[in-house]
Amino acid sequence: MESWNEECAVVGVYNVDNASVLSYYALFAMQHRGQEASGISASNGSKITTIKNNGLVTKIFTDRRLAKLQGRSAIGHNRYSTAGEDSINDAQPIFARYDLGEIAIAHNGNLTNAKEIREGLIKEGAIFQSHLDTENLIHLIARSQKEHLKDRIIDALHYVDGAYSFVFLSRSKMFVVRDRYGLRPLSLGKIHNEDGSIGYMVASETCAFDLAGVEFVRDIEPGEMLIFDGAYSFQNSQPQSIKVFESSPFSCVFEYVYFARPDSNVFGRNVYQARKQMGIELAKEHQIQADMVIPVPDSGVAAAIGYSKESGVDFELGIIRNHYVGRTFIEPTQKMREIKVRLKLNPIKELIKGKSIIVIDDSVVRGTTSKQIIKILRQAGAKQIHLLISSPPTISPCYYGVDTPDKESLICANKSIEEVRNFIGADSLGFLSIEGLLRSIAGDKQTFCKACFDGKYIDTYTLTHTKGC
Ligand code: AMP
Ligand code: SF4
């Protein structure tokens, strides 16, 4: 895919001593959203300092490096891996100097008209340093004729379309914006400073608040901008809010299926509870006689608990995960993906041997993981293996920031369910229906994106009132 802003996590911290340290904790809590690169930009009021690198949060931010990130405001970013490109230039935040001073930007999502904007800017002489859609924003802000940064950001946002949770840091202010669809999650939290003043954190997931001891306030609304601007911005101890776009909610259901942490609340619903309910709905839709139900750890655990509760089939942890191995999906070659599944997951043979098993995982993408899991369970002596997936078949790629392969590589887009069953080698295969998924998240068809499951994308081009440069 022609995109480099996959998934990812963003954080912003304002009016707090050592804002970079809180950003660090938040990024650590959100490491699951991106393991390839991480960065923090901090402002001490007169200068923005940025440190970013490839690797995990704990590896990059040593005490010595954090000490260099001085100031009471900071923004941070975790970058998810995409095959082939690991340039440090593609790590965020992106920093630039321009006529109004200094600016740093962090972005979670994917701008659907980024290529078109970039080509227009290049024709006009702009020079780019990265593959990031986010860099377009720097150019658009620098070119805007508006006097204030807030208005320049709003100007720039009218050119871009797609999914974004943006956090902008200037030397004295912080701006936070969520796209009009609210595709990616973004929440606001409050920090009670020791001197009685109030500080703020915004983060992609609420698990970041829990680790940093931050009080959840609310989700940032689709199309809303929050402005953090010294004492002036806090009316009734809330940052100033501007509606930049009419909201037309279309939040990503896949955050519930796989991406967000179970201890986070996204789009107003706890992820663990949603996943457990997916298991309950799965049990209602697929009744199977078996000795036990086992999850593919960790992504299938909550759904397997729900399935066991509803069906009465015993829950067992039949596969053990080695947590020291990264996620398998991100490996570039098929061979590497297969090896990594084996490194990561090991069945308990004594439990599995001679048994009929229901295995629950969250999704089938290429089918590699399922095939390998069935293989290792057969080798462990399973009598029958029924694979149930707590989401519908993935039939279309995501253009809004979740890293999915092209349609040709999505097994369910190209084979019937019977052909997929045959390919992965299971005795039976079942998926949760779209209706079951929506019931689990207490959502409706209108306000949730499920395009990877039904191919119905937002018509971004007709919804955008301005595009191109
Ligand atoms: P696959 O082996 O290609 O069928 O991928 C399915 C497995 O990858 C499932 O076990 C999921 O937990 C996981 N998965 C699904 N979507 C993603 C994603 N966007 N990024 C990383 N892992 C994923
Ligand atoms: Fe989420 Fe799928 Fe929509 Fe992408 S296409 S935003 S993964 S629901």
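Which backbone oxygen lies 2.9 Å from a polar atom of the side chain of Ser251? Keep that in mind as a later stop; the tour starts with the whole chain.

**Whole protein**

The model is predicted. Show the cartoon first: the protein has 18 helices and 23 strands. Its radius of gyration is 23 Å, close to the 23 Å that the globule rule gives for 469 residues, so the protein is as compact as a globular protein of that length. The C-alpha trace spans about 70 × 50 × 40 Å along its principal axes. Switch to a surface: about 18800 Å² is exposed, and carbon and sulfur atoms supply 49% of that area. Of the 469 residues, 59% count as buried. If you draw contacts between residues at least 6 apart in sequence, 69% of them join residues at least 24 apart.

**Two domains**

Colour 9-249 as domain 1 and 273-441 as domain 2. Their C-alpha centres lie 35 Å apart.

**Ser251**

Select Ser251, which is in strand 14 (residues 251-252). With a relative accessible area of 8%, Ser251 is buried, because the limit for that term is under 20%. The oxygen asked about at the start belongs to Gly182: its backbone oxygen is the one 2.9 Å from the Ser251 side chain. Expand the selection to contacts, leaving aside neighbours within four places in sequence, and you pick up Arg178, Tyr181, Gly182, Leu183, Phe267, Thr447, Phe448 and Cys449.

**The largest nonpolar core**

Next select Tyr256, Tyr307 and Ile360. Among the 40 residues of the largest nonpolar core, these three touch the most other members. At least two residues of this core come from each of helix 8 (254-259), helix 9 (271-285), helix 10 (301-311), strand 20 (356-361), helix 16 (434-440), strand 23 (448-449) and helix 17 (451-454). Helix 9 gives the largest share, 5 residues. Domain 1 and domain 2 each contribute at least three residues to this core.

Centre on Tyr256. Not counting residues up to four places away in sequence, Tyr256 touches Val266, Phe267, Arg269, Val271, Ala274, Arg275, Met278, Ile441 and Phe448.

A second, separate core has 32 residues, including Ile138, Leu140, Ile153 and Phe175. Leave it for a later stop. In soluble globular proteins, nonpolar side chains tend to be buried together.

**Helix 10**

Select helix 10 and show side chains for Ala302, Ala303, Ala304, Gly306, Tyr307 and Ser308, the buried residues of this helix. What do they pack against? Helix 9, strand 17 (292-295), strand 20 and strand 21 (384-389) are the partners. Step just past the end of helix 10 to Gly312, where phi is positive, at about 85 degrees.

**Ser440**

Move to helix 16 and pick Ser440. Is Ser440 buried or exposed? Ser440 counts as buried, at 0% relative accessibility. Its side chain reaches the backbone nitrogen of Met278 at 3.5 Å. Beyond neighbours within four places in sequence, Ser440 is in contact with Arg269, Ala274, Gln277, Met278, Glu281 and Leu432. Arg269, Ala274 and Met278 were also on the contact list of Tyr256.

**Helix 6 and Val160**

Now turn to helix 6 (149-157). Its buried residues are Leu149, Arg152, Ile153, Ile154, Ala156 and Leu157. Ile153 also belongs to the second core. The buried residues of helix 6 pack against strand 5 (94-98), strand 6 (101-111), helix 5 (134-143), strand 7, strand 8 (173-178) and strand 12 (224-229).

Follow the chain to Val160, in the loop between helix 6 and strand 7 (162-169). Val160 counts as buried, at 1% relative accessibility. Label Leu111, Asn113, Ile117, Leu137 and Leu140, which Val160 touches when residues up to four places away in sequence are not counted. Put a distance on one of these pairs: Val160 and Leu137 are 23 residues apart in sequence and 8.3 Å apart in space, C-alpha to C-alpha.

**Last stop: Arg421**

Select Arg421 in helix 15 (residues 417-424). Outside the residues up to four places away in sequence, Arg421 touches Ala426, Asp427, Ser428 and Leu429. How far apart are the C-alpha atoms of Arg421 and Ile127? They are separated by 49 Å, with the two positions 294 residues apart along the chain.

Technical notes:
Residues numbered from 1 in each chain as written. Chains lettered and ligands numbered in written order. Predicted model: local features only at pLDDT ≥ 70, side-chain atom pairs only at ≥ 80, totals over all residues. Heavy atoms only, no water. Core = buried A, V, L, I, M, F, W, Y, C linked by side-chain atoms within 4.5 Å. Buried < 20%, exposed > 50% of the residue type's maximum accessible area, 1.4 Å probe, protein only. Helix = DSSP H or I, 4+ residues; strand = E, 2+ residues; numbered from the N terminus. Domains from an automatic or database assignment. Contact = heavy atoms within 4.5 Å. Polar contact = N/O pair within 3.5 Å; in protein donor to acceptor, adjacent residues only side chain to side chain. Rg over C-alpha atoms; globule rule 2.2 N^0.38 Å. Areas by Shrake-Rupley, 256 points an atom, 1.4 Å probe, with all protein chains shown as cover.
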